[in-house]
Amino acid sequence: NPLVDWTSLQADVLRFARMQDPYTQKRIMVNPNTILVNPAKIATANLIVNATSTERRTGSGTSTPQTTSMPLNVSVTGSNPYSGQFSILWSPLLEQVCTAAAADGGLALSQANADEYWWMLESGKSFRYMQNYPLSVTQSAPNQYEMLDKGIVATYFANERGIPSVWSPWHIVRNTN
């Protein structure tokens with residue numbers, strides 16, 4: 001499902017609407033609200049989501065030369081079916097993960113293939129950050145020899161440990177060409 005126009009978004013919305021729990025075979029209620037793109041697709045995503053009108057072309061003349069027997073019908077609407085429904089996220093780190101070697105935890109894609117990847121998701125549902133150890137802040141004793149010798153008045157150390165994790169794979173769809 002390449003990111004081309006509003007029909008790309010519609011295909012994913014329908015995919016979410018038809019998702020089923022693999023154990024109960026019941027539909028899962030998913031309301032996608034975020035589109036995640038590589039930096040190469042930022043402009044395309046913004047044009048699709050923020051468009052003020054849409055154009056629909058129908059007829060047999062769409063792929064062959066247009067004649068009076070095969071006309072091309074063009075209808076323009078003054079609205080966007082997905083206006084205001086999605087926020088767009090992007091990151092150069094996403095591109096880095098797509099192009100990094102598999103041994104480094106990446107997808108090992110070429111730059112051209114990585115540029116075509118995009119995701120639709122319900123924010124806050126598919127991934128979460130799990131904290132293993134909470135933030136702890138400690139202060140060194142100001143009367144230690146090293147601190148007195150170097151003229152240091154105060155030193156603080158902060159430690160925290162956590163990891164991002166997949167919570168619900170049903171709340172995200174990956175797309176590419």
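# Exercises on a predicted model

Methionine 130 is partly exposed, its relative accessible area being 37%. The model is a predicted one. The exercises below start from this residue and then move to other parts of the chain.

## Exercise 1: Methionine 130

Task: find the element that holds methionine 130, decide whether the residue is buried or exposed or in between, and list its contacts beyond its sequence neighbours.

Solution.

Step 1. Methionine 130 sits in strand β6, which covers residues 127-139.

Step 2. Buried means under 20% relative accessible area and exposed means over 50%. With 37%, methionine 130 is partly exposed.

Step 3. Set aside the neighbours within four places in sequence; methionine 130 then touches Gly162, Ile163, Ser165 and Trp167.

Step 4. For a distance in the other direction along the chain, take serine 83, which is 47 residues away in sequence: the two C-alpha atoms are 33 Å apart.

## Exercise 2: The whole chain

Task: state how many helices and strands the protein has, give their order, and decide whether the protein is more spread out or less spread out than a compact globule.

Solution.

Step 1. The count is 5 helices and 8 strands.

Step 2. Read from the N terminus, the order is α-β-α-β-β-β-α-α-β-β-α-β-β.

Step 3. The globule rule gives 16 Å for 177 residues, and the radius of gyration is 25 Å, well over that value, so the protein is more spread out than a compact globule.

Step 4. The C-alpha trace spans about 95 × 40 × 35 Å along the principal axes.

Step 5. As for burial, 25% of the 177 residues count as buried. The accessible surface is about 11,800 Å², and carbon and sulfur atoms hold 55% of it.

Step 6. Among contacts with a separation of 6 or more, 68% join residues 24 or more positions apart.

Step 7. The charged side chains number 12 positive and 12 negative, with 12 Å between the centres of the two sets.

## Exercise 3: Aromatic pairs

Task: say how many aromatic pairs the structure holds, and classify the pair of tyrosine 82 and phenylalanine 86 and that of tyrosine 117 and tryptophan 119.

Solution.

Step 1. The structure holds 2 aromatic pairs.

Step 2. Tyrosine 82 and phenylalanine 86 have ring centres 6.0 Å apart and planes at 50 degrees, and the pair is tilted. Both tyrosine 82 and phenylalanine 86 are buried.

Step 3. Tyrosine 117 and tryptophan 119 have a centre distance of 6.0 Å and an angle of 45 degrees between the planes, so this pair is tilted.

Step 4. Tyrosine 117 is buried at 10% relative accessible area, and tryptophan 119 is buried at 10%.

## Exercise 4: Positive phi angles

Task: place glutamine 25 and alanine 108 in the chain, and give the phi angle of glutamine 25 and of alanine 108.

Solution.

Step 1. Glutamine 25 belongs to the loop between α1 (6-17) and β1 (34-37). Its phi is positive, about 60 degrees, although glutamine 25 is not a glycine.

Step 2. Alanine 108 belongs to the loop between α3 (92-99) and α4 (111-115). Here phi is about 55 degrees, again positive in a residue that is not a glycine.

Step 3. Glutamine 25 is partly exposed at 48%, and alanine 108 is partly exposed at 49%.

## Exercise 5: Distance in sequence and in space

Task: for glutamine 20, arginine 56 and alanine 11, set the separation along the chain beside the C-alpha distance.

Solution.

Step 1. Glutamine 20 is in the loop between α1 and β1, and is partly exposed at 36%. Glutamine 20 and tryptophan 170 are 150 residues apart along the chain, and their C-alpha atoms are 8.6 Å apart. Tryptophan 170 is also one of the contacts of glutamine 20, which include Gln25, Lys26, Arg27 and Ile28.

Step 2. Arginine 56 is part of strand β2, residues 54-58, and counts as partly exposed at 45% relative accessibility. From arginine 56 to valine 74 there are 18 residues in sequence and 5.7 Å between C-alpha atoms.

Step 3. Alanine 11 is part of helix α1, and with 31% it counts as partly exposed. Asparagine 1 is 10 residues from alanine 11 in sequence, at a C-alpha distance of 7.6 Å.

Methods:
Residues numbered from 1 in each chain as written. Predicted model: local features only at pLDDT ≥ 70, side-chain atom pairs only at ≥ 80, totals over all residues. Heavy atoms only, no water. Helix = DSSP H or I, 4+ residues; strand = E, 2+ residues; numbered from the N terminus. Rg over C-alpha atoms; globule rule 2.2 N^0.38 Å. Buried < 20%, exposed > 50% of the residue type's maximum accessible area, 1.4 Å probe, protein only. Contact = heavy atoms within 4.5 Å. Areas by Shrake-Rupley, 256 points an atom, 1.4 Å probe, with all protein chains shown as cover. Lys, Arg positive; Asp, Glu negative; His and termini not counted. Charge placed at Lys NZ, Arg CZ, Asp CG, Glu CD. Phe/Tyr/Trp six-rings, centres within 6.5 Å; stacked < 30°, edge-to-face > 60°.
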